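This briefing gathers notes on salt bridges, aromatic pairs, loop residues and a surface patch. Please keep the sequence and the structure in view while you read, and look up each residue as it is named.

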Amino acid sequence: MAVDWIRIKDLGGGEHAYRTGVGGNALDIRVSERKITVTLLIDENPVQRVFLKSNLIYYDYTSEHLRKKYGGE
């Protein structure tokens, strides 16, 4: 599922935040059953950063799907 923004805390204590759209730091963010994939531009090259859900303490995100389901749109 594509998401608009995500906030992640990993087992090592690292905190990560990514956002797509205007002013965002990610091109694409996808959440699947076992992993979270964030596509970034680093030195003008597309790079994917993959977080395995089994190595995370928590993650928060929002998406168009959630807004439609719970936001009353």
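R7 counts as partly exposed, because its relative accessibility is 39%, a value between the limits of 20% for buried and 50% for exposed residues. This residue belongs to a model that is predicted, and its side chain meets that of D60 in a salt bridge, with 2.9 Å from N to O. The pair links distant parts of the chain, since R7 is in strand β1 and D60 is in strand β6, 53 residues apart.

**Salt bridges**

- When the whole structure is searched, 4 salt bridges are found, and the bridge between R7 and D60 has a partner, D60, that is itself partly exposed because its relative accessibility is 30%.
- Another salt bridge brings together the side chains of R67 and D4, at 2.7 Å from N to O; R67 lies in helix α1 (residues 64-70), whereas D4 lies in the segment before β1 (5-10), so this pair ties together parts that are 63 residues apart in sequence.
- R67 also forms a salt bridge with E64, where the closest N and O atoms are 2.9 Å apart, and these two residues are separated by about one helical turn because they are 3 residues apart in helix α1.
- Taken together, D4, E64 and R67 are linked in a network of salt bridges.
- Each member of this network can also be described by its exposure: D4 is partly exposed at 26% relative accessibility, R67 is partly exposed with a relative accessible area of 28%, and E64 counts as partly exposed at 37%.

**Aromatic pairs**

- A search of the whole structure finds 2 aromatic pairs. In one of them, the rings of Y18 and F51 have their centres 6.2 Å apart and their planes at 50°, so the pair is tilted; the angle falls between the cut-offs of 30 degrees for stacked and 60 for edge-to-face pairs.
- This tilted pair links distant parts of the chain, with Y18 in strand β2 (residues 15-19) and F51 in strand β5 (residues 45-52), 33 residues apart, and both Y18 and F51 are buried.
- Y59 and Y61 form an aromatic pair that is stacked, with 6.0 Å from centre to centre and 10° between the planes.
- Y59 counts as partly exposed because its relative accessibility is 29%, and Y61 is likewise partly exposed, with a relative accessible area of 24%.

**Loop residues with positive phi**

- D43 is found in the loop between β4 (35-42) and β5, and its phi is near 50°, which is a positive value in a residue other than glycine.
- E44 also has its place in the loop between β4 and β5, and its phi, near 65°, is again a positive value in a residue other than glycine.
- D43 is exposed because its relative accessible area is 71%, while E44 is exposed with a relative accessible area of 76%; both classes follow from the rule that exposed means over 50%.

**A nonpolar surface patch**

- L11, I57 and Y58 make a nonpolar surface patch of about 300 Å².
- One of these residues, Y58, lies in strand β6 (residues 56-62), and Y58 counts as partly exposed because its relative accessibility is 31%.

Note on methods
Residues numbered from 1 in each chain as written. Predicted model: local features only at pLDDT ≥ 70, side-chain atom pairs only at ≥ 80, totals over all residues. Heavy atoms only, no water. Patch = residues over 30% accessible without salt bridge, like charges linked within 9 Å, V, L, I, M, F, W, Y side chains within 5 Å. Areas by Shrake-Rupley, 256 points an atom, 1.4 Å probe, with all protein chains shown as cover. Helix = DSSP H or I, 4+ residues; strand = E, 2+ residues; numbered from the N terminus. Buried < 20%, exposed > 50% of the residue type's maximum accessible area, 1.4 Å probe, protein only. Phe/Tyr/Trp six-rings, centres within 6.5 Å; stacked < 30°, edge-to-face > 60°.
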